[in-house]
Amino acid sequence: MCVIRPIVLSDVQLVYEIECRNFPTPWNKSIFEAIATWGGKIRFQNHRVLLMRVLESEHKLVGYIVWEENKIAKKGHIMNLAVSEEYRRRGWGEKLLRYALDMMRAGKMLFCVLEVRESNLSAQKLYEKIGMKKKERIEDYYEQEDAILYYLSL
Ligand SMILES: CC(C)(COP(=O)(O)OP(=O)(O)OC[C@H]1O[C@@H](n2cnc3c(N)ncnc32)[C@H](O)[C@@H]1OP(=O)(O)O)[C@@H](O)C(=O)NCCC(=O)NCCS
């Protein structure tokens, strides 16, 4: 049993701690604060919107996902996804990802992309499990590491 809901300000500290443990170049805390302040959805440039949801299981925040929808390009872009270490391999990452993809479909996006570190094989396995395809390698996308760009038709 779980709940997926927009981030609120009281989630930010925990989200930021998960972020710092999981990414070598974590997002700034102020980004999460800003998204929470705007109810989990920031609109910019009229046609672009950034969305964030957290997943709670048994009243504990387990993970989160952030994505962008571009209404002109009809493109969804997964920007951030993490599940706290102690809750891994229980299907929560997949649930968050499928939720974001469903939201993109509802928003009439035609495709979804994301970048992942070449070394991040567990995330790549997740993306391939849900049907995403490797599209290209982006050299030095991260400091001293290439990214793999994944693509999914929605
Ligand atoms: C990637 C991440 C979000 C996956 O979250 P999760 O909740 O553990 O994933 P799930 O339990 O939903 O796994 C779904 C599928 O992904 C694949 N997978 C996930 N973790 C895996 C691992 N460590 N090894 C191999 N496959 C893995 C499997 O195919 C799994 O399906 P299965 O359990 O039926 O075999 C999590 O490992 C994480 O937060 N990592 C650090 C942050 C990160 O790398 N984010 C992605 C940046 S692009």
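This report walks through a predicted model, from its overall build to the shell around its ligand.

## Overall build

Counting elements, you get 4 helices and 8 strands in the protein. Read from the N terminus, they go β-α-α-β-β-β-β-α-β-α-β-β. The radius of gyration is 15 Å, close to the 15 Å that the globule rule gives for 154 residues, so the protein is as compact as a globular protein of that length.

Along the principal axes, the C-alpha atoms fit a box of roughly 40 × 35 × 30 Å. Buried residues account for 25% of the 154 residues. As for contacts between residues at least 6 apart in sequence, 55% of them link residues at least 24 apart.

## The nonpolar core

Nonpolar side chains tend to be buried together in soluble globular proteins. Here, the largest nonpolar core holds 32 residues, and Ile 7, Val 15, Tyr 64, Ile 65 and Ala 100 have the most contacts inside it. Plenty of elements chip in: at least two residues of this core come from each of helix 1 (12-22), helix 2 (29-37), strand 3 (48-57), strand 4 (60-70), strand 5, helix 3, strand 6 (111-117) and strand 8 (145-153).

Take Ile 7 as an example. Leaving aside residues up to four places away in sequence, Ile 7 touches Val 15, Phe 32, Ile 35, Ala 36, Gly 40, Met 52, Val 54 and Tyr 64.

## A hairpin and a loop

Strand 2 (residues 41-44) pairs with strand 3 in the antiparallel sense, over 4 bridges. One detail of that pairing is that Ile 42 has Leu 50 of strand 3 as its bridge partner. The hairpin of these strands has 3 residues between them, and Gln 45 takes a positive phi near 55 degrees there.

Over in the loop between helix 1 and helix 2 sits Pro 26. Pro 26 has 16 other C-beta atoms within 10 Å, so it counts as partly exposed. Its contacts, not counting residues up to four places away in sequence, are Glu 19 and Cys 20. Pro 26 is also 10.0 Å from Asn 80, C-alpha to C-alpha, although the two are 54 residues apart in sequence.

## Around the ligand

The ligand is surrounded by 18 residues, with Arg 88, Gly 93, Glu 94, Ser 122 and Leu 126 the closest. Strand 5 (75-83), helix 3 (92-106) and helix 4 (121-129) are the elements that give two or more residues to this shell.

Helix 4 provides the largest share, 5 residues. Sorted by class, the shell is a mix of 7 nonpolar, 5 polar and 6 charged residues.

Note on methods:
Residues numbered from 1 in each chain as written. Predicted model: local features only at pLDDT ≥ 70, side-chain atom pairs only at ≥ 80, totals over all residues. Near = placed C-beta within 6 Å. Nonpolar A, V, L, I, M, F, W, Y, C, P; charged D, E, K, R; others polar. Core = buried A, V, L, I, M, F, W, Y, C linked by C-beta atoms within 7 Å. Buried ≥ 20, exposed ≤ 12 C-beta atoms within 10 Å, placed from the backbone. Contact = placed C-beta atoms within 7 Å. Pairing = 2+ DSSP bridges. Rg over C-alpha atoms; globule rule 2.2 N^0.38 Å.
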